[in-house]
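Biologist: Please take a close look at one loop in this model. Then work outward from there and tell me how the charged and aromatic side chains are arranged.

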Amino acid sequence: MNLEALKEIIDNNVEILESSAKDNNADESTVVGIAKFAASNGYESLSKPQKYHFDNCIRHLIEDVQCSGYNHEFEESPRECPSILDDEDLVEYYQNDGKYCESCEGQASADAHSKESFFRD
């Protein structure tokens, strides 16, 4: 569980928490409040009802986060990536509005290089 990533979400992407709350039929302000409390005091400080909301609305955002997958700009259907992002990459993931796993990042870089070479020639 990456509480630094949670702090990044709270400080700069709170709409992610609000969306997760909506998706789970929970009160947005309650979930944001629980996230703030957990980020400052840790998961173990939460009450049982707070842990329920944390586990359902917050945990999946900061633990075992799946790569969004890289799709070439000319591919019609998106490719799913089964990779889980490294825990230490989660803060950067939320700072950059998403990040790829090593494999998808490599493909994105290769495609960008090919495109640059094509337009340069």
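Modeller: N25 sits in the loop between α2 (14-23) and α3 (28-41). This is a predicted model. The backbone at N25 stands out: phi is positive, about 55°, and the residue is not a glycine. Most residues other than glycine have a negative phi. N25 counts as exposed because its relative accessibility is 75%, above the 50% cut-off.

Charged side chains meet around this loop. E28 and K22 form a salt bridge, with N and O 3.9 Å apart. The limit for such a bridge is 4 Å. K22 counts as exposed, since its relative accessibility is 54%. E28 has a relative accessible area of 29%, so this residue is partly exposed.

A second loop has a similar entry. D64 lies between α4 (48-62) and α5 (90-95). D64 is not a glycine either, yet its phi is positive, at about 50°. Its relative accessibility is 59%, so D64 counts as exposed.

Now the wider frame. The chain has 6 helices and 0 strands. Read along the sequence, the pattern is α-α-α-α-α-α. The chain has 121 residues, and 34% of them are buried. Take the contacts between residues at least 6 apart in sequence: 54% of these join residues at least 24 apart. The exposed surface comes to about 7,800 Å², and carbon and sulfur atoms supply 45% of that area.

Back to charge. Side chains of opposite charge can pair when their charged atoms come close. The structure holds 5 salt bridges. The E28 and K22 pair is one of them. K51 and E44 make another, at 3.6 Å from N to O. E44 is exposed, because its relative accessible area is 65%. D55, R59 and E63 are joined in a network of salt bridges. R59 has a further partner: it lies over the face of Y43, 4.8 Å from the ring centre.

Helix α1 holds a pair of its own. K7 bridges to E4, with the closest N and O atoms 3.4 Å apart. Both residues lie in α1, 3 residues apart, which is about one turn of the helix. K7 is partly exposed, since its relative accessibility is 32%. E4 is also partly exposed, because its relative accessible area is 48%.

E8 is another acidic residue to check. E8 also belongs to helix α1 (residues 3-12). What is the nearest side chain of opposite charge to E8? That side chain is K7, and it is 11 Å away. E8 is buried and has no salt bridge. Beyond residues up to four places away in sequence, E8 touches N13, V91, Y94 and Q95.

One of those contacts, Y94, leads to the aromatic rings. A search of the whole structure finds 2 aromatic pairs. One of them is Y93 with Y94, an edge-to-face pair. The ring centres are 4.9 Å apart, with 80° between the planes. Both tyrosines are buried. Buried E8 thus has a buried ring among its contacts.

Definitions and conventions
Residues are numbered from 1 along each chain as its sequence is written. This is a predicted model: local features need pLDDT of at least 70, side-chain atom pairs count only at pLDDT 80 or more; totals for chains, interfaces and linings use all residues. Side-chain values use heavy atoms; hydrogens and water are left out. Helices (H or I, at least four residues) and strands (E, at least two) are DSSP runs, numbered from the N terminus. Buried means under 20% relative accessible area, exposed over 50%, partly exposed in between (1.4 Å probe, protein chains only). Lys and Arg count as positive and Asp and Glu as negative; His and the chain ends are not counted. Contact means heavy atoms within 4.5 Å. Accessible areas come from the Shrake-Rupley method with a 1.4 Å probe; for residues, only the protein chains shown count as cover. Rings of Phe, Tyr and Trp (its six-membered ring) pair if their centres lie within 6.5 Å; planes under 30 degrees apart count as stacked, over 60 as edge-to-face and the rest as tilted. A charge sits over a ring if NZ of Lys or CZ of Arg is within 6 Å of the ring centre and within 35 degrees of the ring normal.
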